[in-house]
Amino acid sequence: MPRSRFVPHPPRRPAVVAGASSGIGAATAAALAAAGHPVVLGARRLDRCEEVARAIRAAGGEAHVRRLDLAEAASVEEFAHAAQDALGPIDIMVSSAGHAVPGTALGTSPKDFAHTVEVNLLGAHRLVVALAPAMVRRHHGDLVFVSSDILRIPRPLMAAYMASKWGLDGLVRALQLELEGTGVRATIIQPGQTLTDMGTDWGPDTTTEVLGEWVRFGAARHSHFLRPPAVAAAVMAAVTTPPGSHLPLIEVQPEAPVTPDTPPDTPPDTPPDTPPDIHDTRNAGGTP
């Protein structure tokens, strides 16, 4: 049987990051640039992307900014062409943009439900169609999709978001089958609760209701949230794994806060089923 010949990772791997204006996407773009890879930041908020890009350049990295709206097919195509014009063949694609509207399956409007699916699922597929075929032709590349642990732990009041992430999971698992033997890898990153801009527009009352339901159903067991660099580190683990091996799924969870030992006969200040500060709206926002 002939021995497989994997293409080694080059030192310079042009990368694109969707959803790079803040949070996980911004942290991932910074991590890729720090590793020596030029990166194109894509999002609708160009001013925020420019702030991230300036910080990358100040640290010695290479960063470019292009508008990207995953809900618009034309925008995705234009972004892909602009990225390749700026950097050449793209070798790393990170899809980290996301949209979440809190609501039940019965209470979410079809319009809001459809928009969530449009961004989280169809937008990711548009990126794949625009960038993956060239990777397959070169027999090298990484496609990374930031999803959520909502696939393993269903969260109430997240019907549209959960449906879109289940769809994304199915898309990536199909991709993994199709890409076998091509030298191109597809990885799902499943972060737990993470402090990002997502959800900051919900309002304190909605945030309190959502987090309270997460606690009630056991989906939020303590008050600590991941920070974006922790998720970016998982992305870097996926793309730096040597060719010939593959991390198809990485789950990242926040570690529970370290608390002082409590004597057995001393009742805790808060009930054990209510994580401290979980209703503090400073924790609002993040990957559900």
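Trainee: What makes S3 and S7 the edges of the open sheet?

Mentor: In this predicted model, seven strands form an open sheet in the order S3-S2-S1-S4-S5-S6-S7, with parallel pairing. Strand S3 (63-67) and strand S7 (249-252) each have a single partner strand, so one side of each lacks a neighbour in the sheet. From one strand to the next, the twist averages 15°.

Trainee: How do you know that S1 and S4 pair?

Mentor: Two strands count as paired if at least two bridges are found between them. Strand S1 (residues 15-18) and strand S4 (residues 92-95) have four bridges, in the parallel sense; therefore they meet the criterion. Val16 stands opposite Met93 in S4.

Trainee: Which strands does H4 touch, and how is H4 directed relative to S4?

Mentor: Helix H4 (residues 110-138) packs on the sheet and touches S1, S4, strand S5 (141-146) and strand S6 (184-191). The direction of H4 makes about 170° with that of S4. Angles over 145 degrees count as roughly antiparallel, so H4 is roughly antiparallel to S4.

Trainee: Why are H1 and H7 called oblique to each other?

Mentor: Helix H1 (residues 23-34) and helix H7 (residues 228-240) pack at an angle of about 50°, and their axes are 8 Å apart. That angle is neither under 35 degrees, nor in the range 65 to 115, nor over 145; H1 and H7 are therefore oblique. H1 passes H7 in a right-handed crossing.

Trainee: Which residues make the contact of H1 with H7, and how do they divide by class?

Mentor: H1 contributes Gly23, Ile24, Ala27, Thr28, Ala31 and Leu32, while H7 contributes Pro228, Pro229, Val231, Ala232, Val235, Met236 and Val239. Eleven are nonpolar, two are polar and none is charged. Gly counts as polar, so Gly23 belongs to the polar class.

Trainee: What is known of the packing of H3 and H4?

Mentor: Helix H3 (residues 73-87) and H4 pack at an angle of about 35°, with their axes 9 Å apart, and their crossing is right-handed. Ala73, Val76, Phe79, Ala80 and Gln84 in H3 meet Arg126, Leu127, Ala130 and Leu131 in H4. Seven of the contact residues are nonpolar, one is polar and one is charged. Arg counts as charged, so Arg126 belongs to the charged class.

Trainee: How do you know that the length of H5 agrees with its number of residues?

Mentor: At 1.5 Å a residue, the 21 residues of helix H5 (residues 159-179) should span 30 Å. The end C-alpha atoms of H5 are 30 Å apart, so the two values agree. H5 is followed by Gly181, whose phi is positive, near 85°.

Key
Residues numbered from 1 in each chain as written. Predicted model: local features only at pLDDT ≥ 70, side-chain atom pairs only at ≥ 80, totals over all residues. Heavy atoms only, no water. Axes fitted to C-alpha atoms, helices over the stretch in contact; angles between N-to-C directions. Helix = DSSP H or I, 4+ residues; strand = E, 2+ residues; numbered from the N terminus. Left-handed = near helix turned anticlockwise from the far one by under 90°. Contact = heavy atoms within 4.5 Å. Expected span 1.5 Å × (residues − 1).
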